[in-house]
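User: I'm new to this structure and would like a close look at just one part of it. Please pick a helix, tell me which way it faces and then follow the trail to its surroundings.

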Amino acid sequence: MSYRERIPGCSLYVGNLAWSTRWQGLKDHFAQIGPVAYADVMVHGYGQSRGFGVVRFDSPELAQQAIDELNGSTLDGREIEVRHDNHEGKTSRPPRSFQQQQPQQPPSHITRAYEGDKGTTIFVDNLPFRIHWRDLKSHFATVGNVVTADLFQDRQGLSKGRGVVRFDTQEAAEEAVTRFNDTEFGGRTITVRIDQEADKFRDGVSVHVSNLPYSVSWRELKDLFRPMGDLMHAEVVMRNGRSQGWGLVRFTNMDDAQNAIDSLDGHSMGDRQISVRLDKGRQERHQEEE
């Protein structure tokens, strides 16, 4: 049976894999349920495991049995997560490990608009698609000093019709909501509210990751740190389109950030050993860029 022709409900996502687990070990572990049609551990471009994999059986009954019996089981010292593959059937392409990975930067608004004090960032929805970030900034500058304004973009760099604006005071942000919510901008009625995601981000804890291979993308960084805890954001710092060899990973709490430090400080990525420590803030990042 080809990948394209497989029966729905037969593929499983397996998470929290040990970095040492290979596809053969994964297949052997699931073979106790029944014949395994396919098993693969997802890897980065430089060969390092991404901490998760895919297992496929020839029947949905065996797949369900594997979930019932192997979810929470131990493989190579780790308690694994087993569930139905949510991406099954959404594409006729082979699994991601067989595809060429194209590094892409995360939304630029994260580290700029999410800095500052709580309650100072607004979320703006239903924006005209052709406006520039400068138009967004100018529109809201009438209520107060705009520190930064950004538009959400898709993979082709096109606006998604949403954006964020950060003011230097909470009062200015609240005034922007009062004055501009449900008003017209460029022929569209926009929605304006205080950005709760920004405030949630501000409550998080960042770790500083240095000595990264220059080929590592933000997605690969995120995949490496994802098993450490409740991860909110990962970023490889770029300048003129080139990696600066360091990045930031943000967790929702200190325990998960410390777990990342304890588990991944000194971890090998490609031919480098990365350094992971608590992020000391903007001043340290400025020094790192110099």
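Analyst: Let's start on the outside of helix α2: the face turned away from its buried side carries the exposed residues E61, D68 and E69. Buried means under 20% relative accessible area, exposed means over 50%, and partly exposed is in between (1.4 Å probe, protein chains only). Helices (H or I, at least four residues) and strands (E, at least two) are DSSP runs, numbered from the N terminus.

A quick word on the source: this is a predicted model, where local features need pLDDT of at least 70, side-chain atom pairs count only at pLDDT 80 or more, and totals for chains, interfaces and linings use all residues. Residues are numbered from 1 along each chain as its sequence is written, and side-chain values use heavy atoms, with hydrogens and water left out.

Now turn α2 around. The helix spans residues 60-70, and A63, A66, I67 and L70 are buried there. These four cover an arc of only 105° around the axis, which puts them on the same side of α2. (The arc is that of the directions from the helix axis to the C-beta atoms.) What covers them includes β1, α1, β3 and β6, where contact means heavy atoms within 4.5 Å. Right behind the helix comes G72, with a positive phi near 90°.

Of those neighbours, β1 deserves a stop. Five of the five residues of this strand (residues 11-15) are buried, so β1 is largely enclosed by the rest of the structure. In a regular strand the side chains alternate between the two faces of the sheet. Here both faces are covered: S11, Y13 and G15 are buried on one side, and L12 and V14 on the other.

Who sits beside β1? Strand β3 (residues 49-57) runs antiparallel to β1, and five bridges join the two; V14, for instance, has G53 as its bridge partner in β3. Strand β6 (residues 81-84) is antiparallel to β1 too, with four bridges, and there Y13 is partnered by R83. Two strands pair if DSSP finds at least two bridges between them. So β1, β3 and β6, which help cover α2, are also linked to one another through β1.

Just past β1, look at N16, in the loop between β1 and α1 (23-30). Most residues other than glycine have a negative phi, and most peptide bonds are trans. N16 isn't a glycine, yet its phi is positive, about 60°. It is partly exposed, with a relative accessible area of 25%. D76 does something similar: it is not a glycine either, and its phi is positive at about 50°. You'll find D76 in the loop between β4 (74-75) and β5 (78-79), partly exposed at a relative accessible area of 46%.

To put α2 in context, try helix α5 (residues 170-180), where A172, A173, A176 and F180 are buried. Seen down the axis of α5, its buried residues fall within an arc of 100°, so they line one face of the helix. The face turned away from that buried side carries the exposed residues E171 and T178. Elements covering the buried residues of α5 include β7 (121-125), α4 (133-140), β9 (159-167), β10 (183-185) and β11 (188-194). Just after α5, D182 takes a positive phi of about 65°.
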